[in-house]
2 protein chains.
Amino acid sequence: MARASIYLGLVHHPVINRQGERICSAITNLDIHDIARTCTTYGTKDFFVITPSQDQKTLAKRVIDHWLKGAGGQYNPDRKKAFEQIHLVDSIDDAIEAIGRPRRQLGVLATSARKMKGCISWERLEKMVYKPEFECILLLFGTASGLHEQCFEQCDGVVCPIYGPTSYNHLSVRAAVAIALDRILGIRRHENGYNTSSGL
Amino acid sequence: MARASIYLGLVHHPVINRQGERICSAITNLDIHDIARTCTTYGTKDFFVITPSQDQKTLAKRVIDHWLKGAGGQYNPDRKKAFEQIHLVDSIDDAIEAIGRPRRQLGVLATSARKMKGCISWERLEKMVYKPEFECILLLFGTASGLHEQCFEQCDGVVCPIYGPTSYNHLSVRAAVAIALDRILGIRRHENGYNTSSGL
């Protein structure tokens, strides 16, 4: 079955703080680990860590090199495999450029914990992935208190918030990415390969 | 619709290290935050952080108190709400005792990244939750390289590993908990309340 290739972007700028002000957030080491492992589990394409801060990129590169070239990768080859798909880029535009597809073939979708008018349901997103109107989808997740509105202007749509059976929606970005990828690439899709071993 | 109440246990002892040896793992601060937030999102009952180490419990209690009684809760009331359901206990037995139900009404289920013979599929687990054979389910997640086999002996069953469309199954425990709760309490269950706002 044809399905869109999924790329993931973790945005550190422009995002907002708790006061709604535009900021550049610091990279969280565990975000990189958790999200890279989740992306590898769900077979996404590149995982873009997006920040224009040179200092932050230098720091992140040291962490990534530890797992790709240093002692980390020897100690834990599975972690190394996950880190292979990480790319540090300055901006959402640079992630789009790195994907290298004509813009009309690439759906750039934001996520938000706030419900936006006209947001794309998870059911609709699943259809976008499996009956692709785009060849590739770049799914953007904001750090701190979420993506700055400027990001939404660059996007083709915003996915609806993730809810459980309560009104509480303060998931960590690490949990949100895991749930999002499982919703679109996980439990309900077992045609191809290993999902049979999940016992479903 | 009647459904079983879900409790969650994050086990630090007995778990195994990468060599398969029985260890007591250290508590990871971000595990507590992420899993408490995920539990609150999905409306679980208590979240048990399980370790017999007094030092580790003292440390964890300081973190928890910061969010429940200290500056953390004032700064971020949503985080405080998530922390309210955390309980530090010495052992799986103590978690079971704290739930306070007759053992026959409580299903204690382990999770594992390794496929166990006779493991419970996610589909079957969902049925166990919504057509309850137990009034309560305690779902146990191992830290480090997973639960020690001794844990499985205390359980009524083991849930099958979480897979995406690849053979890679090295999710963080934070991601695994998020996916697990969404699979059983999330996307496919919209009868009660807020899930309608997820757009599905």
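Begin by selecting B:Val129: leaving aside residues up to four places away in sequence, its contacts are B:Arg3, B:Ala4, B:Ile137 and B:Ile184. The model on screen is a predicted one. B:Val129 is part of helix 6 of chain B, residues 122-130. Is this residue buried or exposed? Within 10 Å of B:Val129 there are 22 other C-beta atoms, so the residue is buried, the cut-off for that being 20 or more. Now add B:Tyr168 to the selection. It is 39 residues from B:Val129 along the chain, and 27 Å separates the two C-alpha atoms.

**Helix 8 of chain B**

Next, select residues 173-185 of chain B, which form helix 8. This helix contains 13 residues. From the first C-alpha to the last it reaches 18 Å, close to the 18 Å expected at 1.5 Å a residue. How many of the residues of helix 8 of chain B are buried? The count is 13 of the 13, so the helix is largely enclosed by the rest of the structure.

**Where the two chains meet**

Keep that helix selected and add helix 8 of chain A, also residues 173-185. The two axes come within 8 Å and cross at roughly 50 degrees. The two helices are therefore oblique to each other. The crossing of helix 8 of chain A with helix 8 of chain B is right-handed. Show the side chains at the contact. On the chain A helix, they belong to A:Arg174, A:Ala175, A:Ala178, A:Ile179 and A:Asp182. On the chain B helix, they belong to B:Arg174, B:Ala175, B:Ala178, B:Ile179 and B:Asp182. Sorted by class, this contact has 6 nonpolar and 4 charged residues, with no polar ones.

**Helix 1 against helix 8 in chain A**

Stay on helix 8 of chain A and bring in helix 1 of chain A, residues 29-41. What is the angle at which these helices pack? It is about 10 degrees, and the axes are 9 Å apart. Angles under 35 degrees count as roughly parallel, and helix 1 and helix 8 of chain A are therefore roughly parallel to each other. From helix 1, the contact takes in A:Leu30, A:Asp31, A:Asp34, A:Ile35 and A:Thr38. From helix 8, it takes in A:Val173, A:Arg174, A:Val177, A:Ala178 and A:Leu181. By class there are 6 nonpolar residues, 1 polar and 3 charged. A:Arg174 and A:Ala178 also appear in the contact with helix 8 of chain B.

**The cis peptide bonds**

Move to A:His13 and A:Pro14, which are joined by a cis peptide bond with omega at about -5 degrees. A:Pro14 sits in the loop that runs between strand 1 (5-11) and strand 2 (15-16) of chain A. Then switch to chain B, where the peptide bond from B:His13 to B:Pro14 is cis, with omega near -5 degrees. The loop holding B:Pro14 lies between strand 1 (5-11) and strand 2 (15-16) of chain B.

**The positive phi angles**

For the last stop, select A:Ala144. Its phi is near 50 degrees, a positive value in a residue other than glycine. The residue is in the loop between strand 7 (136-142) and helix 7 (149-153) of chain A. A:Ala144 counts as buried because it has 20 C-beta neighbours inside 10 Å. In chain B, select B:Ala144, which is not a glycine but has a positive phi of about 50 degrees. Its loop runs between strand 7 (136-142) and helix 7 (149-154) of chain B. With 20 other C-beta atoms within 10 Å, B:Ala144 is buried.

Technical notes. Residues numbered from 1 in each chain as written. Chains lettered and ligands numbered in written order. Predicted model: local features only at pLDDT ≥ 70, side-chain atom pairs only at ≥ 80, totals over all residues. Axes fitted to C-alpha atoms, helices over the stretch in contact; angles between N-to-C directions. Helix = DSSP H or I, 4+ residues; strand = E, 2+ residues; numbered from the N terminus. Parallel < 35°, antiparallel > 145°, perpendicular 65-115°, else oblique. Left-handed = near helix turned anticlockwise from the far one by under 90°. Contact = placed C-beta atoms within 7 Å. Nonpolar A, V, L, I, M, F, W, Y, C, P; charged D, E, K, R; others polar. Expected span 1.5 Å × (residues − 1). Buried ≥ 20, exposed ≤ 12 C-beta atoms within 10 Å, placed from the backbone.
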